[in-house]
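Here's a quick walk through a two-chain model, written for someone who'd rather poke at contacts and pairings than read a summary card. Have a look at the structure first, then we'll start with some strands.

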Amino acid sequence: MKKYLNLLLVAVQNLRRYKAKSITITIPIILMMAVSSFMMFSRGGFVKDAEMAREFLPDVTIQGIEAGRVVKVSLDIIPEIKKIPHVKTVAPRVWGYIPLKIDDLDISYTLMGLELEDLPDNPEFLEVMEDGSFLVPGDRNKVVLGYGVAQTLGFRVGEDIEQALELCTISISDLKNIGDEITIDDTLGNHGKFKVIGILKNRVQVYSADLMLVSNDDARDFFGYAENEASDILLYLDENGSADRAALMISQLFKNTRVMTAKALTNLVKEAFGRRSGTFSAMWLILFSTVLMFAWSQTTHISVDAGTEIGILKSFGWQTGDIILVKMVESLLYGFLGTSIGILLGFVYALMGTPGISGYCIGCASIYPKFPVPVSCDADSIILLFLIGVIPVTLITAIPAWLAGTIDPDKAIKS
Amino acid sequence: MISIKNVFKRYKSGKIYVKALDDISVNIEKGEFVFFSGPSGSGKSTLLNIIGCLTRVTSGSYLLEDKQVSHWPDHFLSPLRRERFGFIFQQFNLVSGYSAWENIALPLIPMGISQKERRKKALLILENLNLTTRADFMAQELSGGQQQLVAIGRALVNNPDIILADEPFSNIDARHVENFENILGNLKNQGKTIIIASHFHEPITKLVDKTFYFENGSISPKQ
């Protein structure tokens, strides 16, 4: 036991003893793990966002299809849909994108109408409010803003006024408050004037950041929809209802519809931003290959540089296992140290909104210039990062230590 | 004590085999001071390495106290090297990044001796070598003579009974040669077996009991 404590101590002391080598090896690991970790934390953020947003999604969403393209859906099908077993609520929804030009920036928000009379009497709605109140039946020309929209339009939101000012180009005296009116004139010629009554929390960033919620009637007026038209129809089921079964029945009943379950929509977002996303997968592959190549380059370094030292140690009675143990612990410490610092840097970078590459990370979903990249850091991600950062380096480094340790000491010294 | 019989040693260099030792037989008794003489590449260092179990014979036998050690596996040879042999290399082979006392204490690490105890033992040896003031100097900060003294200290720290030195006079000045001779004299008086390999034709010290002249991997009859 004392022998192994001695060997562990030697490995730890070698980190300090060979400072230049330690820094040379650790810095690339730090950089690689910083990049890996901010990507993983951001990816986790998108996935978590999608999962959180699912709480607020309808069980089934129905859109109209014509010649394979999404079109307005006729509300004439609602009576038939209501006959499907376990259907609790059927609500039409009118929504669309509103392209704006603010301070020379091309911005696109989502204006979404809600059938206020059909809103489920759910206290959870109160929990999503950052400030003000939610829409109630009968509300007209009133709007609830997503957190990001409110920030960009200069609303006093949250406690971080500085951040709000960074996101818009107005001075602190011009900050708007709940109860103020906003006028929307989009670049397509649509016009509307709304009183802001509430701001959504930013916890569901992907879904709510660019949202402007109004009544269906206001949305109809804004987008020029007829009384019996909507962008889609939302279906809420009771506890015994099966979304898949209801979706199947609707698609069989109405051929010109596209029917999506909440699960399918969530998966769509997770796939888009998650592990199967092409960009993320490719970057992961490159990073992982880099880690392995780096570890392998270390093996060459060890073979050439430390061969003599290994020969000397063996000539004084060190066993091959002793040498491998010291070299592996050294590598383990390099990997652990580099990975720990890298994860910390990656987390801080992700928290800062991945400056410089956030637009690239968000990709085609970047309909809002100040869209924050969500961050999620959980135990699984941390464990996976440590596995990626520590194990390949440690194992691959053991190979040259073993090779150098198994040859005759005189050969090792001459190497 | 050491019996080498009909030993051949070949190295592979690229695609060809190089004959390093060609039918060598040597007997060395306990407490003898033996001198291996010969030009560079004559095979004396190879035989020294075989005796010290740093390499193996290609054929022939090597008996250490009647035990056939020439084909022992490495995990048996490691403790043998640690307990029986002390090596002094031509280039001293101190480990850079380690201080003088840490270099001396290197062989003690796998023996489970604590750092405090290792330092105590190393300082005692440095005191005997008149090098106490350099105990915490890094290996690369020491002069050639001081490095050799540290290398000697490292060879002696386990109190081995066989001392092997390869070209120990090559990298030190005349003053240190005399100092080294004194140390060897003390070791011989303690009953240690000492084997030195050198390219010098004549034994550099009067302490030598037996000399073997090497030429092209063989022992020359010329005395």
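How many bridges join β8(A) to strand β10 (residues 191-200) of chain A, and do the two run parallel or antiparallel? There are four bridges, and the strands run parallel. Keep in mind that this is a predicted model, so treat everything below as computed from it.

**Around β8 of chain A**

Strand β8 covers residues 142-145 of chain A. On the β10(A) side, A:Val143 has A:Val196 as its bridge partner. β8(A) also pairs with strand β11 (residues 211-215) of chain A, this time antiparallel and through two bridges. There, A:Leu145 sits opposite A:Met212.

Which way do the side chains go? A:Lys142 and A:Val144 point one way from β8(A), while A:Val143 and A:Leu145 point the other way. In a regular strand, side chains alternate between the two faces of the sheet. All four of these residues are buried, A:Lys142 included.

Here are the strand pairings with a bridge count, from both chains:

| Strand | Partner | Bridges | Direction |
|---|---|---|---|
| β8(A) | β10(A) | four bridges | parallel |
| β8(A) | β11(A) | two bridges | antiparallel |
| β1(B) | β2(B) | nine bridges | antiparallel |

**A helix with a buried face**

Still in chain A, take helix α8 (residues 216-223). Its buried residues are A:Asn216, A:Asp218, A:Ala219, A:Phe222 and A:Phe223. Viewed down the axis of α8(A), they fall within an arc of 160°, so they line one face of the helix. Right after α8(A) comes A:Gly224, with a positive phi near 75°.

Zooming out, chain A has 16 helices and 14 strands. Of its 415 residues, 39% are buried. Among its contacts between residues at least 6 apart in sequence, 78% join residues at least 24 apart.

**Over in chain B**

Chain B has an open sheet of four strands, ordered β2-β1-β4-β5, with antiparallel pairing. The edges are β2 (16-28) and β5 (67-68) of chain B, each pairing on one side only. Strand β1 of chain B spans residues 2-13, and B:Ser3 stands opposite B:Asn27 in β2(B).

**Cores**

Nonpolar side chains tend to be buried together in soluble globular proteins. In this model, the largest nonpolar core has 97 residues. Those with the most contacts inside that core include B:Phe36, B:Leu126 and B:Ala151. Leaving aside residues up to four places away in sequence, B:Ala151 touches B:Ile88, B:Phe89, B:Phe92 and B:Leu94. A second, separate core has 44 residues, among them A:Tyr109, A:Leu145, A:Ala209 and A:Phe223. Two of those names are familiar: A:Leu145 came up in β8(A), and A:Phe223 is on the buried list of α8(A).

**Where the chains meet**

At the interface, 23 residues of chain A contact 22 residues of chain B. On the chain A side, α1 (2-17), α12 (307-315), α13 (320-351) and α16 (409-414) each supply at least two residues. The largest share, seven residues, comes from α1(A). By type, the chain A side divides into 10 nonpolar, five polar and eight charged residues.

**Confidence**

The model scores ipTM 0.87 and pTM 0.65. Chain B has a mean pLDDT of 88, with 97% of its residues at 70 or more. Among the elements of chain B, helix α3 (residues 100-105) has the highest mean pLDDT, 94, and helix α6 (residues 174-189) the lowest, 82.

Definitions and conventions:
Residues are numbered from 1 along each chain as its sequence is written. Chains are lettered from A and ligands numbered from 1 in the order in which they are written. This is a predicted model: local features need pLDDT of at least 70, side-chain atom pairs count only at pLDDT 80 or more; totals for chains, interfaces and linings use all residues. Two residues are in contact if their C-beta atoms, placed from the backbone, lie within 7 Å. Ala, Val, Leu, Ile, Met, Phe, Trp, Tyr, Cys and Pro count as nonpolar, Asp, Glu, Lys and Arg as charged, and the others, Gly among them, as polar. A nonpolar core is a set of buried Ala, Val, Leu, Ile, Met, Phe, Trp, Tyr and Cys residues joined through C-beta atoms within 7 Å. A residue is buried if 20 or more other C-beta atoms lie within 10 Å of its own, exposed if 12 or fewer, and partly exposed in between; C-beta atoms are placed from the backbone. pLDDT is the predictor's confidence in each residue, from 0 to 100. The arc is that of the directions from the helix axis to the C-beta atoms. Two strands pair if DSSP finds at least two bridges between them.
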